[in-house]
Each structure stands twice: as structure tokens, then as C-alpha cells.
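Open your viewer and get your selection tool ready. We will walk through this model one stop at a time.

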Amino acid sequence: MNNYNINKGIGRTVEFKGLKAQYLFIFVGGLLGTLIFVMILYMAGVNSYICLFLGAGSASLIVWQTFSLNRKYGEHGLMKIAANKRHPRYIICRKPIHRYLKFTPKSNVL
């Protein structure tokens, strides 16, 4: 009989070094943005030590911030926060109360 390995990762989110879901995209986008920023500074003629310092500082800030967001909010946390901001704080009801209490019978339609 042949033994086949079963892929147990079906339906699970993408994970890399503990970063899950949208944090992975934030991480990659931030590091790519930092790289492009440093390349533009270097081509503009800024001192290479300043470029190196700014690149290393901003990359470490992005790594630290992304991992702290991942630890604080979890896999679906940022989506929950964004959804919570779209919910109204309270519902405004401008109809008079008697309009809610009025009963209207439905007609029998065959």
C-alpha cells in the first residue's frame, strides 16, 4: 500500500514567522516602501550613511510595529476595528411612537 501525505493546511490563512493575514501584506508593503525610499534618497545624492541610517531605522520600526499589531489584535483584528468604525453609535428614530404600535392586517392573497 502507498502512503500519501495529507495537506492539513487547507482553509488556513497564510502565515510567515508568526505574521498572519493582512499583517503579512502590511509588513511586505512597508519594507518595499522603505527600500524604494532609500533608493530614491541615494539616487538624489544624499550621503550613504544617512540613507543607511534612515533605511535601517524605518525598516526596524515597520517590523516592530507590524509584530506588535499582530500580537495585539490577532488575525482578524484590524478588520474588526474597521467594521466597528462603520457602525453607528446610536440609531436615530424620527417616527412618532404611535406609528410603530399601529397594527395593519395583511390581506389574504391566493
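Before the first selection, one term: a nonpolar patch gathers Val, Leu, Ile, Met, Phe, Trp and Tyr residues that have over 30% relative accessible area and no salt bridge, joined where their side chains lie within 5 Å. Keep in mind, too, that this is a predicted model.

**Stop 1: the patch**

Select Leu 32, Leu 35, Ile 36, Met 39, Ile 40 and Met 43, and show them as a surface. Together they form a nonpolar patch with about 630 Å² of accessible area. Now pick out Leu 35 alone, a residue of helix H1, which covers residues 22-43. Is Leu 35 buried, partly exposed or exposed? Since the range for partly exposed runs from 20% to 50%, Leu 35 belongs there because its relative accessibility is 46%.

**Stop 2: the rest of H1**

Extend the selection to the whole helix. The 22 residues of H1 should span 32 Å at 1.5 Å a residue, and the end C-alpha atoms are indeed 32 Å apart, so expectation and model agree. Next, colour the buried residues of this helix: Gln 22, Tyr 23, Leu 24, Phe 27, Gly 30, Thr 34, Val 38 and Leu 41. What do the buried residues of H1 pack against? Their partners are strand S1 (15-16), S2, H2 and H3. Beyond the helix, click on Gly 45, which follows H1 and has a positive phi near 100°.

**Stop 3: helix H2**

Move on to residues 48-73. This is H2, with 26 residues and an expected span of 38 Å at 1.5 Å a residue; its end C-alpha atoms are 37 Å apart, so the two values agree. Which residues of H2 are buried? Highlight Cys 51, Gly 55, Thr 66, Ser 68 and Asn 70 to see them. Their cover includes strand S2 (19-20) and H1, so it is worth keeping H1 displayed, because H2 is in turn among the elements that the buried residues of H1 pack against.

While you are in H2, select Gly 57. This glycine counts as partly exposed because its relative accessible area is 35%. Draw a distance from its C-alpha atom to that of Thr 34: the two residues are 23 positions apart along the chain, and the separation is 9.7 Å. Thr 34 is one of the buried residues of H1. Just after the helix, Gly 74 takes a positive phi of about 80°.

**Stop 4: Glu 75 and its surroundings**

Step along to Glu 75, in the loop between H2 and helix H3 (77-86). With 23% relative accessibility, Glu 75 counts as partly exposed, because the limit for buried is under 20%. Which residues does Glu 75 touch, leaving aside those up to four places away in sequence? Show Thr 13, Lys 20, Ala 21, Gln 22 and Tyr 23 to find them. Gln 22 and Tyr 23 have already appeared on this tour, among the buried residues of H1.

Two distances give this stop some scale. Glu 75 and Val 63 are twelve residues apart in sequence, with 17 Å between their C-alpha atoms. Glu 75 and Glu 15 are 60 residues apart in sequence, with 9.9 Å from C-alpha to C-alpha. Glu 15 sits in strand S1 and counts as partly exposed, because its relative accessibility is 44%.

**Last stop: zoom out**

Clear the selection and show the whole chain as a cartoon. There are four helices and two strands, in the order β-β-α-α-α-α along the sequence. The C-alpha atoms fill a box of roughly 80 × 60 × 30 Å along the principal axes. The chain has a radius of gyration of 27 Å, whereas a compact globule of 110 residues would have one near 13 Å. Buried residues make up 15% of the chain's 110 residues. For a final view, turn on the surface: the chain exposes about 10,300 Å², with 64% of it supplied by carbon and sulfur atoms. Among contacts with a separation of 6 or more, 70% join residues 24 or more positions apart.

Conventions. Residues are numbered from 1 along each chain as its sequence is written. Side-chain values use heavy atoms; hydrogens and water are left out. Patches are made of residues with over 30% relative accessible area and no salt bridge: like charges are joined within 9 Å, nonpolar side chains (Val, Leu, Ile, Met, Phe, Trp, Tyr) within 5 Å. Accessible areas come from the Shrake-Rupley method with a 1.4 Å probe; for residues, only the protein chains shown count as cover. A salt bridge is a side-chain nitrogen of Lys or Arg within 4 Å of a carboxyl oxygen of Asp or Glu. Buried means under 20% relative accessible area, exposed over 50%, partly exposed in between (1.4 Å probe, protein chains only). The expected span of a helix is 1.5 Å times one less than its number of residues. Contact means heavy atoms within 4.5 Å. The radius of gyration is taken over C-alpha atoms; the globule rule is 2.2 Å times the number of residues to the power 0.38.
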